[in-house]
Amino acid sequence: MIRVLLADDQALVRGALAAVLRLEPDLDVVAEVGTGTEALAAAQRTAPDIALLDVQMPGRDGLAVAADLQRALPGCRTIICTTFSRPGYLSRAMSAGASGYVVKDSPPEQLVDAIRRVHSGLRFVDPALAAEALAGGASPLTGREADVLRAAAEGGTVADIARTLRLSQGTVRNHLSSAIGKTQARTRAEAARLAEDNGWL
């Protein structure tokens, strides 16, 4: 039996996923949780083979939980199951240690296949997303530019961003200018939105 933990903040989605997986004779859903914090605790308690994680959840997001699980339970492999079919999220998921990435509008058979493949030691990535990721390339933003755009997305002034990130205001302006140019945006708010839409933040 493949022991599966489900973590999704939407109860209806989580329940539907559990119902689909329970139809498979070799899959055992050992935990269903709604937050990233609960996912880590449940994984430590139930020792699943596979953790199926949504990206955006209250508490810790699915990418942070994937990284936490890789350190705390190396025998537990993670699959990100999300509505975000963007190459940037895929790249961040793989960097966090996820072994698979499935988009929620995939057929149930694809999710079941992904779980079996990942459990056997392989990786699985939604085929359409994989093709898009290869065509689009990596994020054009540096780590610091991404940090500055994340802070800018919260609506602070340049002084607020500088204080939060412990940078000078001039450095913040330079990073914002560079990020605006790389995203081809007109404003820092638009640059943050475009970067978020592409999964670069």
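**A walk through a parallel sheet and its surroundings**

Let us start at one side of the sheet, where strands E5 and E6 run parallel and are joined by two bridges. This is a predicted model, in which local features need pLDDT of at least 70, side-chain atom pairs count only at pLDDT 80 or more, and totals for chains, interfaces and linings use all residues. Residues are numbered from 1 along each chain as its sequence is written, and side-chain values use heavy atoms, with hydrogens and water left out. Strands and helices here are DSSP runs numbered from the N terminus, with at least two residues (E) for a strand and at least four (H or I) for a helix. Two strands count as paired if DSSP finds at least two bridges between them.

In the E5 and E6 pairing, Gly100 stands opposite Phe124 in E6. Stepping back, six strands make up an open sheet with the order E2-E1-E3-E4-E5-E6, and the pairing is parallel. E2 and E6 (124–125) are the edge strands, each pairing on one side only. Helix H3 packs on the sheet and touches E3 and E4, and its direction makes about 165 degrees with that of E3. For that angle, axes are lines fitted to C-alpha atoms (for helices, over the stretch in contact), and angles between N-to-C directions run from 0 to 180 degrees.

Now look further into the sheet, at strand E4 (residues 77–82). Five of its six residues are buried, where buried means under 20% relative accessible area, exposed means over 50%, and partly exposed lies in between (1.4 Å probe, protein chains only). On one side, E4 runs parallel to E3 (residues 50–53), with four bridges joining the two. Ala51 stands opposite Thr78 in E4. To get from E3 to E4, the chain passes through helix H3 (residues 62–72) in a right-handed β-α-β crossover. Right-handed here means that, with the strands pointing away from the viewer, the path from the first strand over the helix to the second runs clockwise.

E4 also pairs with strand E5 (residues 100–103), again in the parallel sense and over four bridges. Here Thr82 stands opposite Val103 in E5, and Cys81 has Val102 as its bridge partner. From E5 the chain crosses through H5 to E6, and this β-α-β crossover is left-handed. What about the side chains of E5? In a regular strand the side chains alternate between the two faces of the sheet. In E5, Gly100 and Val102 point one way while Tyr101 and Val103 point the other way, and all are buried.

Next comes the interior. A nonpolar core is a set of buried Ala, Val, Leu, Ile, Met, Phe, Trp, Tyr and Cys residues joined through side-chain atoms within 4.5 Å. The largest one has 29 residues, and Leu5, Leu53, Leu69, Ile80 and Tyr101 have the most contacts inside it. Among the elements giving two or more residues to this core are strand E1 (2–7), strand E2 (27–33), helix H2 (36–46) and helix H4 (87–95). H3 gives the most, with five residues. Leu5 is a good place to zoom in: leaving aside neighbours within four places in sequence, its contacts (heavy atoms within 4.5 Å) include Val30, Ala39, Pro48, Ile50 and Leu53.

Finally, the charged side chains. Counting a salt bridge as a side-chain nitrogen of Lys or Arg within 4 Å of a carboxyl oxygen of Asp or Glu, the model has 13 salt bridges. One of them joins Asp26 and Arg116, at 2.8 Å from N to O. This pair links distant parts of the chain, with Asp26 in the loop between helix H1 (11–22) and E2, and Arg116 in helix H5 (residues 108–119), 90 residues apart. Asp26 is partly exposed at 24% relative accessible area, and Arg116 is partly exposed at 31%.

Another salt bridge forms between Asp54 and Lys104, whose closest N and O atoms are 3.6 Å apart. Asp54 lies in the loop between E3 and H3 and Lys104 in the loop between E5 and H5, so the pair ties together parts that are 50 residues apart in sequence. Asp54 is buried, with a relative accessible area of 6%, whereas Lys104 counts as partly exposed at 23%. A third example is Glu190 with Arg186, at 3.5 Å from N to O. Here Glu190 is buried at 19% and Arg186 is exposed at 73%. Through shared partners, salt bridges also join Asp8, Asp54 and Lys104 into one network.
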